[in-house]
Amino acid sequence: MSDIQLVAYDTAHSPYIRAIREAVFMQEQGVSPELEFDGLDAYAMHVLAVVDGEYVGTGRMQDDGHIGRIAILQNYRGLGLGAKIVQKLVAEAVRLGYPRVYLGAQTHAVDFYAKLGFTPYGDEFMDAGIPHMSMEKSL
């Protein structure tokens, strides 16, 4: 059984958020700790994906509607958790009255976000040495 929980970036949850992002972004993708942990986590809302009592995925949203740091541990990919994380953050943005949400999608994930209603805009750009595309969704 899985659940997506809206959580604070506090002492109870931040170790799990950090561990997931370290595994996915730093270990798998080679992102530096300085880029991954940018000082914005304390100001963002976060979600954690839980499968059978274990934290296996995360994501965050800034108060301007910027969604990011969507990460699922390798053994739990393909279960639809990434979509559920994004949908939970979008639902929270709707609840808060945001006019839109936006993100920088790694280019391999553009189709994933398009299926969730995001539209690409602008030119491809590099972030942490990884090609990205800006995408947005009006709410």
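Here are some friendly questions and answers about the predicted model shown above.

Q: What makes up the chain in terms of helices and strands?
A: The chain has four helices and seven strands. Read from the N terminus, the elements follow the order β-α-α-β-β-β-α-β-α-β-β.

Q: How do you know whether the chain agrees with a compact globule?
A: Compare two radii of gyration. A compact globule of 139 residues would have one near 14 Å, and the chain has 14 Å, so the two agree. Along its principal axes, the C-alpha trace spans about 40 × 35 × 30 Å. Buried residues account for 46% of the 139 residues.

Q: What share of the contacts with a separation of 6 or more joins residues 24 or more positions apart?
A: The share is 59% in this chain. A contact here means heavy atoms within 4.5 Å.

Q: What makes up the exposed surface, and how are the charges placed?
A: About 7,300 Å² of the chain is exposed, and carbon and sulfur atoms supply 52% of that area. As for charge, there are 11 positive and 18 negative side chains, with the centres of the two sets 5 Å apart.

Q: Why is A49 called buried?
A: The label buried needs a relative accessible area under 20%. A49 has 0%, so A49 is buried. This residue belongs to strand 2. Leaving aside residues up to four places away in sequence, A49 touches D3, I4, E54, Y55, V56, G57, L81 and I85. M135 is 86 residues from A49 along the chain, and their C-alpha atoms are separated by 23 Å.

Q: How do you know that the span of helix 3 agrees with its number of residues?
A: Helix 3 covers residues 81-95, which is 15 residues. At 1.5 Å a residue, the helix should span 21 Å, and its end C-alpha atoms are 21 Å apart, so the two values agree. Several of its residues are buried, among them L81, I85 and L89. L81 and I85 also appear among the residues that A49 touches. After helix 3 comes G97, with a positive phi near 80 degrees.

Q: Why is K115 called exposed?
A: A residue counts as exposed when its relative accessible area is over 50%. K115 is at 75%, so K115 counts as exposed. K115 lies in helix 4, residues 110-115. From K115 to A83 is 32 residues in sequence, and their C-alpha atoms are 9.1 Å apart in space. A83 is one of the buried residues of helix 3.

Q: Why is Y121 called partly exposed?
A: Partly exposed is the label between under 20% and over 50%. Y121 has 33% relative accessibility, so Y121 counts as partly exposed. Its place is in strand 6. Y121 touches R100, Y102, M133, S134, M135 and E136, not counting residues up to four places away in sequence. Y121 and M135 are 14 residues apart along the chain, with 5.8 Å between their C-alpha atoms.

Q: What makes the phi of D52 worth a look?
A: D52 is a residue other than glycine, and its phi is positive, near 50 degrees. Most residues other than glycine have a negative phi. D52 sits in the loop between strand 2 (45-51) and strand 3 (54-61).

Q: How do you know whether D52 is buried or exposed?
A: Its relative accessibility is 65%. The cut-off for exposed is over 50%, and D52 therefore counts as exposed.

Q: What is the phi of A128, and where is A128 found?
A: The phi of A128 is near 55 degrees, a positive value in a residue other than glycine. A128 is found in the loop between strand 6 (119-127) and strand 7 (130-138).

Q: Why is A128 called partly exposed?
A: A128 has 29% relative accessibility. That value is not under 20% and not over 50%, so A128 counts as partly exposed.

Methods
Residues are numbered from 1 along each chain as its sequence is written. This is a predicted model: local features need pLDDT of at least 70, side-chain atom pairs count only at pLDDT 80 or more; totals for chains, interfaces and linings use all residues. Side-chain values use heavy atoms; hydrogens and water are left out. Helices (H or I, at least four residues) and strands (E, at least two) are DSSP runs, numbered from the N terminus. Buried means under 20% relative accessible area, exposed over 50%, partly exposed in between (1.4 Å probe, protein chains only). The radius of gyration is taken over C-alpha atoms; the globule rule is 2.2 Å times the number of residues to the power 0.38. Accessible areas come from the Shrake-Rupley method with a 1.4 Å probe; for residues, only the protein chains shown count as cover. Lys and Arg count as positive and Asp and Glu as negative; His and the chain ends are not counted. The place of a charge is taken as NZ of Lys, CZ of Arg, CG of Asp or CD of Glu. The expected span of a helix is 1.5 Å times one less than its number of residues.
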